[in-house]
Amino acid sequence: LSITKSVRKDEQMRFNTGLSLLSSLGFFLLPSSVIAAEDEKKLEAARMIRGVSVEGKAEDPLFTCDRSENAGAIPKVIIQTVKSKDNLDDEDWSRYHVSLREKNPEFDFLLFDDEEALEFVDEHFQDSALPEVMRNMPRSVMKADLFRLAAVAVLGGFYMDMDVIAKDSFDPIVSSGCGAVFPKEWWKDDQAYLDRHFKLPSDDEDHWQVGNYAFAAVPNHPLVVDSLDEAIKRSADSITFFSESDAEMSDLDVLRTTGPYMISEVYHEGRKAGKYGDVSHIQGDMSKPLKDGQKYGYDWHKFGPFAEHMLSHTWVKESTNAEYDYLPPCPYYVYRGGCGSRWSPINVFGCELRVEFCYDDTFYLGNVYSGGVIVDRLGNSFTNFKSSGFYSGSVLNITQGSAVQEVIFDIVDDSSKVEISSGSDVDKVTFGYNYGRIVAPGVPGSHMFGSFLSWGSCVVNSDGVRPNVWSNFGKVTTSEDQCDATADAMTSLFTSIF
């Protein structure tokens with residue numbers, strides 16, 4: 001799916017190159033100054049909505065789980081794995097390991113290399129396909145993914161990637177009463193979720209992903225065991241598929257087969273079936289990231305307030321590095337709960353901005369370049385959304401339940417998209433120049449106003465009626481499938497001519 005999507009996008013961008021002179025001006029638009037918090041009260045509220053205080057310390061209750069059976073049951077052991085113990089001279093890894101020991105002096109530490117990991121699964125999983133699967137995995141990182149689940153399933157305790165640094169003692173996790181604790185992060189909109197899981201989320205909680213770079217559990221915890229079983233099954237299928245084809249396993253294939261996307265699916269399917277009530281899915285704190293030059297969201301890749309993933313990404317292939325999780329969340333300072341203003345709008349560059357709330361009735365967005373903006377249902381009070389433009393594959397997503405009533409923007413370039421859920425309150429769309437896609441299945445054509453629909457552009461509305469525009473050379477339809485069909489036909493025509 002990711003390959004097909006990339007090829008189609010590349011073809012469409014080549015086809016529309018000659019049609020997007022105005023949108024190309026987006027390369028020369030400079031970002032405005034970084035938006036600061038309007039006052040200390042707003043800063044505190046912006047952080048509190050994510051479950052943390054101004055200082056970045058976790059608020060009670062940090063752990064949301066059924067504490068009826070497992071108080072103090074998570075063993076005080078930290079498990080790590082490395083390809084070879086001959087490669088432990090990395091200065092950063094040494095620093096991270098020292099932090100784990102200093103913050104957790106009463107814990108035992110177990111470090112397995114690849115050979116020891118195989119010996120472990122041979123001993124404890126004799127009647128399972130796991131030993132054979134691990135020996136035949138096409139990517140080394142997948143062996144590590146399988147082993148972490150196997151080790152914690154048998155021994156219980158904590159698993160930590162080698163590039164995880166401790167910020168506080170893990171004792172509160174041990175005494176939390178939870179049977180398992182996993183990181184909660186990577187909130188994804190419907191399209192991003194579909195790209196990763198080949199289906200749409202069925203409830204609000206589905207949008208959140210489950211991290212596997214750090215987690216803790218009691219021995220034989222159902223979520224860990226179920227995740228291991230599913231990973232073994234998917235791995236066996238992958239071994240068969242890739243051995244019989246010329247395809248190469250991508251980073252996204254890894255994430256879906258043995259990594260966090262797989263665990264997320266297991267967790268959410270079980271959760272909706274009434275399982276895993278003793279699992280706490282904790283979000284990171286809002287303290288400044290420890291990694292120098294960290295451009296991701298402040299709460300991203302953190303194991304609550306206890307540890308932080310330093311994102312070495314040594315397993316990611318250089319050729320597909322750009323595919324990894326597509327867009328990182330925008331740094332916290334970009335937004336901070338502010339609404340922007342006419343003179344100082346909020347700009348988004350190469351990241352994903354999730355708009356959770358705004359104190360005024362209008363949210364002012366500047367230019368979005370190679371980024372994404374999600375306006376979700378988390379109690380938005382503002383009713384108007386204004387933006388300058390969307391460039392270079394950017395997306396605006398107004399989700400179901402949003403209180404926004406009117407969306408106004410200047411430009412959507414040929415590779416960008418504005419998507420407004422039919423379940424939102426949006427009743428009016430006003431735009432300047434559309435070279436890409438405006439998908440608003442809940443808005444009638446008579447409630448859409450604009451200046452120009454370019455040849456090759458597409459508008460989806462509730463009745464297929466042409467919007468009120470000065471010049472219309474685009475496609476107007478009630479189904480986005482028709483947009484795809486038109487783009488394919490025009491690409492084919494362009495290719496045959498040139």
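## Strand S5 and its partners

Strand S5 pairs with strand S7 (residues 214-217) in the antiparallel sense, over two bridges; two strands count as paired if DSSP finds at least two bridges between them. Within this pairing, Ala180 lies opposite Ala217 of S7. The model is a predicted one, in which local features need pLDDT of at least 70, side-chain atom pairs count only at pLDDT 80 or more, and totals for chains, interfaces and linings use all residues. Residues are numbered from 1 along each chain as its sequence is written, and side-chain values use heavy atoms, with hydrogens and water left out. Helices (H or I, at least four residues) and strands (E, at least two) are DSSP runs numbered from the N terminus.

S5 has further partners. With strand S8 (residues 279-283) the pairing is parallel and extends over five bridges, and Pro183 faces Ile282 of S8. With strand S6 (residues 209-210) the pairing is antiparallel over two bridges, and there Lys184 stands opposite Val210. Six of the six residues of S5 (residues 180-185) are buried, so the strand is largely enclosed by the rest of the structure. Buried denotes under 20% relative accessible area, exposed over 50%, and partly exposed the range in between (1.4 Å probe, protein chains only).

## Overall composition

The chain contains 12 helices and 24 strands. Of its 498 residues, 53% are buried. Its accessible surface is about 21800 Å², with 51% belonging to carbon and sulfur atoms; these areas come from the Shrake-Rupley method with a 1.4 Å probe, and for residues only the protein chains shown count as cover.

A contact requires heavy atoms within 4.5 Å. Among contacts between residues at least 6 apart in sequence, 55% join residues at least 24 apart.

## Nonpolar cores

A nonpolar core is a set of buried Ala, Val, Leu, Ile, Met, Phe, Trp, Tyr and Cys residues joined through side-chain atoms within 4.5 Å. The largest one has 40 residues, and Val121, Leu130, Leu146, Phe147, Leu149, Phe182 and Leu228 touch the most other members. At least two residues of this core are supplied by each of strand S1 (77-81), H4, helix H5 (130-135), helix H6 (140-155), S5, S7, helix H9 (222-243) and helix H11 (260-272). H6 provides the largest share, nine residues.

Leu149 touches Phe215, Val224, Ser227, Leu228, Ala231, Met262 and Ile263, when residues up to four places away in sequence are not counted. A second, separate core has 34 residues, including Phe431, Val443, Val459 and Val476.

## Packing of H6 against H9

Two packed helices are described by the angle between their axes and the distance between the axes. For H6 and H9, the axes come within 9 Å and cross at roughly 145°. Axes are lines fitted to C-alpha atoms, for helices over the stretch in contact, and angles run from 0 to 180 degrees between N-to-C directions.

At this interface, Leu146, Leu149, Ala150, Val152 and Ala153 of H6 meet Val224, Val225, Ser227, Leu228, Ala231, Ile232 and Ser235 of H9.

## Environment of Asp114

Asp114 belongs to helix H4 (residues 114-124). Its relative accessibility is 26%, and Asp114 therefore counts as partly exposed. Leaving aside neighbours within four places in sequence, Asp114 is in contact with Val82 and Lys83. The C-alpha atom of Asp114 is separated by 10.0 Å from that of Met134, 20 residues apart along the chain.

## Two parallel sheets

One open sheet consists of seven strands in the order S11-S13-S15-S17-S19-S21-S23, with parallel pairing. Its edge strands are strand S11 (346-349) and strand S23 (468-472), each pairing on one side only. The twist from one strand to the next averages 15°. Within this sheet, strand S19 (residues 428-434) and strand S21 (residues 448-453) are joined in parallel over four bridges, and Tyr433 has Phe452 in S21 as its bridge partner.

Another open sheet of seven strands, also with parallel pairing, follows the order S12-S14-S16-S18-S20-S22-S24. Strand S12 (352-355) and strand S24 (475-477) stand at its edges with a single partner strand each, so one side of each is left without a neighbour in the sheet. Here the twist averages 10° from one strand to the next. Strand S20 (residues 437-439) and strand S22 (residues 458-460) run parallel and are joined by three bridges; Val459 in S22 is the bridge partner of Ile438.
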